Amino acid sequence: MSDRPASWRMPTPKQMEKLVTSIGGKAAGTRPLGPQDEMPDEYWQAVLNDAYVGNRPLGQPGAGQRLSEIPQHILRVSCRRCERIVEIQKADAIRLYGQQASWKEVGQRLLDNTCQNRTGRHEEDGCWPAFEPI
């Protein structure tokens, strides 16, 4: 074990500036963007070219949709923590929770009712829902 501080591994500001200029980036003398500044065109182009935008098919249930808006007859929610999967028919979900209930609330309640990971701490208890298309 060494008595050297962790800072010895960090390059000096002069070394970092030299590295940035060798890569082809802007020098550290430029001012970073603030909340009041206009976003650069590259940012907006990256937002428009984002692969995830509009990637979900229209017929798939989203977590924010109401039960009455979902076209599928069987709804599936899984837990990212314990990998358990719960399915329910849309008609049963509407009968139990009402047409205006959101799929996010219903899925969370379905997982919580049968949760197997109980630690006793409120922050850690329960399942982590992942709303999947069927």
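A residue is called buried when its relative accessible area is under 20%, exposed when that area is over 50%, and partly exposed in between. The structure described here is a predicted model. Under this scheme Glu87, at 44% relative accessibility, counts as partly exposed because its value falls between the two cut-offs.

The secondary structure of the protein consists of four helices and three strands. Along the sequence, these elements follow the pattern α-α-β-β-α-α-β. Of the 134 residues in the protein, 22% are buried. The accessible surface amounts to about 10700 Å², and carbon and sulfur atoms account for 53% of this area. Among contacts with a separation of 6 or more, 53% are between residues 24 or more positions apart.

Helix H1 covers residues 13-23, and none of its 11 residues is buried, so the helix lies largely in the open. Gly24 follows H1 and has a positive phi, near 110°.

Helix H2 comprises residues 41-48 and includes Tyr43. At 38% relative accessibility, Tyr43 is partly exposed. Tyr43 also belongs to a nonpolar patch on the surface, together with Leu33, Met39, Trp44 and Val47. The accessible area of these patch residues together is about 480 Å².

The nonpolar residues in the interior were examined next. The largest nonpolar core contains 15 residues. Those with the most contacts inside this core are Leu67, Leu75, Ile88, Trp103, Val106, Leu110 and Leu111. At least two residues of the core are supplied by each of S1, S2, H3 and helix H4, the last of which spans 103-113. H4 provides the largest share of the core, with four residues.

Leu111 also takes part in a contact with a polar side chain. The backbone oxygen of Leu111 is reached by the side chain of Arg84 at 3.2 Å. Arg84 is located in the loop between S1 and S2. Despite this loop position, Arg84 counts as buried, because its relative accessibility of 14% falls under the 20% cut-off.

Charged side chains were then considered in pairs. Two salt bridges were counted in the model. One of these joins the side chains of Glu87 and Arg76, with a distance of 2.7 Å from N to O. Glu87 lies in strand S2 (residues 85-89) and Arg76 in strand S1 (residues 74-79), so this pair ties together parts that are 11 residues apart in sequence. Glu87, as stated above, is partly exposed. Its partner Arg76 is also partly exposed, with a relative accessible area of 23%.

Another salt bridge is formed by the side chains of Arg95 and Asp92, at 3.5 Å from N to O. Both residues belong to helix H3 (residues 90-97), where they are three residues apart and therefore separated by about one helical turn. Arg95 has a relative accessibility of 60% and counts as exposed. Asp92, at 29%, counts as partly exposed.

Taken by element, strands S1 and S2 each contribute to the core and are tied together by the pair Arg76 and Glu87. Helix H3 likewise supplies residues to the core and holds the pair Arg95 and Asp92. Helix H1, by contrast, has no buried residues.

Conventions. Residues numbered from 1 in each chain as written. Predicted model: local features only at pLDDT ≥ 70, side-chain atom pairs only at ≥ 80, totals over all residues. Heavy atoms only, no water. Buried < 20%, exposed > 50% of the residue type's maximum accessible area, 1.4 Å probe, protein only. Salt bridge = Lys/Arg side-chain N within 4 Å of Asp/Glu carboxyl O. Polar contact = N/O pair within 3.5 Å; in protein donor to acceptor, adjacent residues only side chain to side chain. Core = buried A, V, L, I, M, F, W, Y, C linked by side-chain atoms within 4.5 Å. Patch = residues over 30% accessible without salt bridge, like charges linked within 9 Å, V, L, I, M, F, W, Y side chains within 5 Å. Areas by Shrake-Rupley, 256 points an atom, 1.4 Å probe, with all protein chains shown as cover. Contact = heavy atoms within 4.5 Å.
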